[in-house]
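Welcome to a short tour of a protein model. Please have a look at the structure below, and then we will walk through some of its details together.

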Amino acid sequence: MAAAVMHNCGGVECLSGIPGSVGGTPVQNVGAYGQEVAETIESLVAFDLKSGEEQEFEKEDCGFGYRTSIFNTSERGRYVILRVTYALKHGWEPRIAYADLQNYFANWERKPTLADTRDAVRQIRTSKAMLITPGDEDARSAGSFFKNPVLSAEQFEELKRRAAARSLEIPSYPALDARKKVSAAWLVEHSGFSKGYGQGRVGISRKHALAIVNRGNATAAEIMAFRDEIQGRVEELWGIRLDPEPVFVG
Ligand SMILES: Cc1cc2nc3c(=O)[nH]c(=O)nc-3n(C[C@H](O)[C@H](O)[C@H](O)COP(=O)(O)OP(=O)(O)OC[C@H]3O[C@@H](n4cnc5c(N)ncnc54)[C@H](O)[C@@H]3O)c2cc1C
């Protein structure tokens with residue numbers, strides 16, 4: 001991301017600060033702050049463990065969706081992604097669509113550049129402990145633990161009804177509204193798991209309701225038990241089953 005911005009190439013500036021490898025980005029269609037790699041990936045080359053051969057995929061073959069592709073759904077575990085071609089656009093205007101970014105630049109008198117946008121994203125991520133920062137205990141997480149649920153029209157109406165019964169309003173952002181995507185963080189917070197929740201070795205980050213943090217020596221079983229507790233409570237109160245974003249090993 002830094003190199004793209006340095007060369008004045010747009011398309012991935014909002015993804016600054018996301019940890020991981022290039023080959024990992026198409027797997028869950030990595031995205032943040034109003035941008036996702038599906039918008040810039042042109043093609044990729046993967047090694048097919050089934051046939052033992054390399055195969056080229058055009059973007060259309062990858063089945064990209066919100067945090068999904070064929071590589072983490074229908075063809076999970078079959079391909080090792082070797083090369084990814086991104087079509088970055090030289091001299092592009094930065095994407096400032098997400099509410100956090102719009103707020104950040106609200107009082108600026110000049111147009112933000114790609115580099116300004118990258119800096120802004122990294123600062124916002126730091127404030128939410130979503131940038132790996134040595135010494136920040138709240139950054140000891142796997143990032144967002146749950147995906148934002150994408151609801152059918154009926155599920156959305158039911159959610160609104162349940163919120164209204166508790167005199168609450170479902171938060172509304174342009175990026176979420178278009179697909180009836182609702183904020184997983186809001187659901188978690190409104191199910192009793194506020195920022196900083198938990199006294200033991202596992203808890204919620206003090207800076208982001210979607211980050212489960214290991215406060216020191218917590219076992220995988222403890223993290224899973226906490227996941228189950230959150231999922232159960234959210235489902236009970238809101239009728240929505242949260243889907244975890246991290247991949248579980250073992
Ligand atoms: C603090 C923090 C913040 C994060 N913020 C975001 C965010 O804003 N947006 C977002 O989308 N994600 C975010 N993530 C999640 C993570 O950064 C992404 O999922 C990233 O793509 C992981 O890359 P990786 O190379 O570490 O993959 P891994 O975590 O090692 O693997 C993830 C999955 O991809 C598969 N995989 C990895 N590389 C390849 C390959 N070359 N070929 C085939 N399969 C492969 C693995 O088998 C596994 O199933 C965050 C994580 C953390 C810790």
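A good place to begin is Glu39, which touches Gly34, Lys59 and Arg95, leaving aside residues up to four places away in sequence. Please keep in mind along the way that this is a predicted model.

## Around Glu39

Glu39 sits in the loop between β3 and β4. Is Glu39 buried or exposed, or something in between? With a relative accessibility of 36%, Glu39 counts as partly exposed. Buried residues have under 20% relative accessible area and exposed ones over 50%, so a value in between is called partly exposed. Glu39 also shows how the chain brings separated positions together in space: Glu39 and Ala87 are 48 residues apart in sequence, while their C-alpha atoms are 8.7 Å apart.

## The sheet and its hairpin

Next comes the sheet. In which order do the strands of the open sheet lie? The three strands follow the order β5-β4-β6, and their pairing is antiparallel. The edges are taken by β5, residues 53-58, and β6, residues 79-86, each of which pairs on one side only. On average, neighbouring strands of this sheet are turned by 20° against each other, direction ignored. As background, strands of a sheet pair through backbone hydrogen bonds, in either a parallel or an antiparallel way.

Let us look at one of these pairings in detail. Strand β4 covers residues 41-48 and pairs with β5 in the antiparallel sense over six bridges. You can trace the pairing by picking out residues: Ser43 has Glu58 in β5 as its bridge partner, and Phe47 stands opposite Glu54 in β5. The two strands β4 and β5 form a hairpin, with four residues between them. In the turn of this hairpin, Gly52 has a positive phi of about 75°.

The loop between β4 and β5 is also the place of Leu49. Leu49 has a relative accessible area of 52% and is therefore exposed. Together with Val80 and Leu82, Leu49 makes a nonpolar surface patch of about 260 Å².

## Two residues with a positive phi

Gly52 is a glycine with a positive phi, but there are also residues here that have a positive phi although they are not glycines. One of these is Tyr33, with a phi of about 50°. Tyr33 is found in the loop between β2, residues 31-32, and β3, residues 35-36. Its relative accessibility is 9%, so Tyr33 counts as buried.

Arg67 is another non-glycine residue with a positive phi, of about 60°. Its place is the loop between β5 and β6. Is Arg67 buried or exposed? At 11% relative accessibility, Arg67 counts as buried.

## Salt bridges

How many salt bridges does a search of the whole structure find? The search finds 18. The table shows some of them, with the N to O distance and the relative accessible area of each partner.

| Salt bridge | N to O distance | First partner | Second partner |
|---|---|---|---|
| Arg78 and Glu75 | 3.4 Å | Arg78, 21% | Glu75, 24% |
| Arg227 and Asp228 | 3.0 Å | Arg227, 17% | Asp228, 42% |
| Arg233 and Glu236 | 3.1 Å | Arg233, 33% | Glu236, 56% |

Take the Arg78 and Glu75 pair: Arg78 is partly exposed, and Glu75 is partly exposed as well. For the pair of Arg227 and Asp228, Arg227 is buried, whereas Asp228 is partly exposed.

The salt bridge between Arg233 and Glu236 belongs to a helix. Why are these residues separated by about one helical turn? Arg233 and Glu236 are three residues apart in helix α7, which runs over residues 220-238, so about one helical turn separates them. Of the two, Arg233 is partly exposed, while Glu236 counts as exposed.

Salt bridges can also share partners. In this way, Asp136, Asp138, Arg206 and Lys207 are joined into one network.

Note on methods: Residues are numbered from 1 along each chain as its sequence is written. This is a predicted model: local features need pLDDT of at least 70, side-chain atom pairs count only at pLDDT 80 or more; totals for chains, interfaces and linings use all residues. Side-chain values use heavy atoms; hydrogens and water are left out. Two strands pair if DSSP finds at least two bridges between them. Axes are lines fitted to C-alpha atoms, for helices over the stretch in contact, and angles run from 0 to 180 degrees between N-to-C directions. Buried means under 20% relative accessible area, exposed over 50%, partly exposed in between (1.4 Å probe, protein chains only). Patches are made of residues with over 30% relative accessible area and no salt bridge: like charges are joined within 9 Å, nonpolar side chains (Val, Leu, Ile, Met, Phe, Trp, Tyr) within 5 Å. Accessible areas come from the Shrake-Rupley method with a 1.4 Å probe; for residues, only the protein chains shown count as cover. A salt bridge is a side-chain nitrogen of Lys or Arg within 4 Å of a carboxyl oxygen of Asp or Glu. Contact means heavy atoms within 4.5 Å.
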